[in-house]
Amino acid sequence: MKLLVTGGAGFIGANFIFHMLDAHPDDEIVCLDALTYAGNLETLEPAADNPNFTFVKADVADREAVYGIFEKEKPDVVVNFAAESHVDRSIEDPGVFLRTNIIGTQVLMDACNKFGISRFHQVGTDEVYGDLPLDRPDLFFTEETPITASSPYSASKASADLLAMAYHRTYGLPVTISRCSNNYGPYQFPEKLIPLMIANALADKELPVYGTGENVRDWLYVEDHCRAIDMILQNGRVGEVYNIGGHNEKNNLQVVKIILEKLGKPESLIRFVTDRKGHDLRYAIDPAKIHAELGWLPETKFEDGIRKTIDWYLDNKPWWENIISGEYRDYYEKMYANR
Ligand code: NAD
Ligand code: TYD
């Protein structure tokens with residue numbers, strides 16, 4: 001089987017490529033990535049010498065380039081991770097989110113229709129379900145929860161999911177969609193909560209917690225996510241949505257305090273800053289469907305996952321120090337100075 005993995009030079013896509021090369025050594029993988037600020041070829045170095053792995057630099061919204069790659073590579077399966085993924089950036093500049101996340105998905109699916117594939121898998125997010133109130137811990141997102149959106153990011157991802165369902169119904173494209181909760185683990189870009197807090201704590205810099213820090217996320221260790229997508233590709237039903245996550249809920253302040261404690265840093269580093277606009281209160285996934293149909297459950301408890309993640313950032317300082325010393329520094333200044 002030949003897989004085209006888009007966005008594979010980013011956090012989850014790279015972890016997925018490593019998982020698949022390991023779990024299915026006979027499969028071939030072509031990674032298509034535009035290498036935006038979030039994409040990093042260094043991340044893919046562990047796969048570089050694998051004869052079953054190739055990389056091609058391209059933009060998913062560039063129809064000519066994408067068709068050329070499909071013509072040459074003839075993939076059997078497409079897994080679409082490519083996206084603009086950071087909510088704060090979408091609030092500052094929504095346009096590129098619409099282009100990559102919506103038009104990019106359309107172009108990929110048009111290519112799938114034109115050249116033929118056995119599966120198009122869209123990697124989605126639980127943010128398309130909006131948010132849950134903090135005082136109703138009994139409520140969870142299921143696949144039936146109505147689609148809504150709080151940020152330009154979640155609106156663009158919701159649009160992509162709707163387009164994927166439409167391509168399935170209208171053109172019979174063999175689509176599956178997964179919607180996962182917040183991932184964490186190795187190779188996550190340091191603009192996201194957990195790696196940002198690890199990097200700042202190690203540098204004895206302030207830890208900027210938005211609002212009161214009570215917002216809740218359902219943390220999913222990236223390897224558990226990759227295993228779930230693999231299972232959906234093997235045995236998932238075409239035309240179906242699968243939620244991935246479950247029962248690793250923590251509020252942001254708890255997460256930040258755990259990181260400080262594990263690094264032996266003082267809580268006085270915490271600084272409460274102006275809240276994110278439209279900030280979603282709580283995400284929480286009910287994984288009953290993927291558990292019942294495919295036997296998946298998250299295996300990594302937050303305690304273990306955060307330890308592994310912190311150890312990875314401690315052992316791989318050059319990877320993230322390179323990033324935070326470059327253009328990311330300007331982004332950090334812009335987003336956090338005077339906040
Ligand atoms: P990321 O930002 O780390 O990586 C995105 C990758 O996509 C980068 O390598 C980037 O270069 C590439 N890319 C961006 N625009 C592109 C374009 N126009 N053409 C080709 N490649 C392009 O993101 P991530 O955290 O790995 O997320 C991967 C997917 O998972 C995204 O679709 C995201 O919406 C979804 N998701 C992520 C999370 C999370 O917690 N990180 C949660 C739910 C869903
Ligand atoms: P983030 O990692 O951006 O993921 P998402 O917005 O997709 O959930 O943020 C996770 C949570 O952490 C979210 O509630 C916002 C909060 N947050 C902070 O409090 N401070 C920060 O500097 C960042 C980046 C996020």
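## Two ligand sites and a parallel sheet

A nitrogen atom of ligand 2 lies 2.8 Å from a polar backbone atom of P208, a polar contact in the sense used here (a pair of N or O atoms within 3.5 Å; within protein, one must be able to donate a hydrogen and the other to accept it, and residues adjacent in sequence count only if both atoms are side-chain atoms). The protein covers 97% of the 520 Å² of accessible area that ligand 2 has on its own, with areas taken from the Shrake-Rupley method and a 1.4 Å probe, and, for residues, only the protein chains shown counting as cover.

This is a predicted model, in which local features need pLDDT of at least 70, side-chain atom pairs count only at pLDDT 80 or more, and totals for chains, interfaces and linings use all residues. Residues are numbered from 1 along each chain as its sequence is written, chains are lettered from A and ligands numbered from 1 in the order in which they are written, and side-chain values use heavy atoms, with hydrogens and water left out.

The shell around ligand 2 holds 19 residues, the closest being E127, R217, R276, H279 and Y336; a residue belongs to such a shell if one of its heavy atoms lies within 4 Å of the molecule. Helix 7 (193-202) and strand 8 (207-210) are the elements that give two or more residues to this shell. Helices (H or I, at least four residues) and strands (E, at least two) are DSSP runs, numbered from the N terminus.

Ligand 1 is surrounded by 28 residues, of which I12, D33, S85, Y153 and K157 are the closest. Helix 1 (11-23), strand 5 (119-125) and helix 6 (152-171) each supply at least two residues of its shell, and strand 5 gives the largest share, three residues.

The polar contacts of the two ligands include the following.

| Ligand atom | Protein partner | Distance |
|---|---|---|
| Ligand 1, oxygen | G10, polar backbone atom | 2.9 Å |
| Ligand 1, nitrogen | D59, polar side-chain atom | 2.9 Å |
| Ligand 1, nitrogen | V60, polar backbone atom | 2.9 Å |
| Ligand 2, oxygen | E127, polar side-chain atom | 2.6 Å |
| Ligand 2, oxygen | Y336, polar side-chain atom | 2.6 Å |

Taken alone, ligand 1 exposes 830 Å², and the protein buries 97% of that.

An open sheet is formed by seven strands with parallel pairing, in the order 3-2-1-4-5-6-11; two strands pair if DSSP finds at least two bridges between them. Strand 3 (53-57) and strand 11 (241-244) stand at the edges with a single partner strand each, so one side of each is left without a neighbour in the sheet. On average, neighbouring strands of this sheet are turned by 20° against each other, direction ignored.

Strand 2 (residues 28-33) pairs with strand 3 in the parallel sense over five bridges. Here D33 stands opposite K57 in strand 3, and D33 is also among the closest residues to ligand 1.

Helix 6 lies across strand 5, strand 6 (175-180) and strand 11, and runs at about 155° to strand 5. Such angles run from 0 to 180 degrees between N-to-C directions, with axes being lines fitted to C-alpha atoms, for helices over the stretch in contact; contact means heavy atoms within 4.5 Å.
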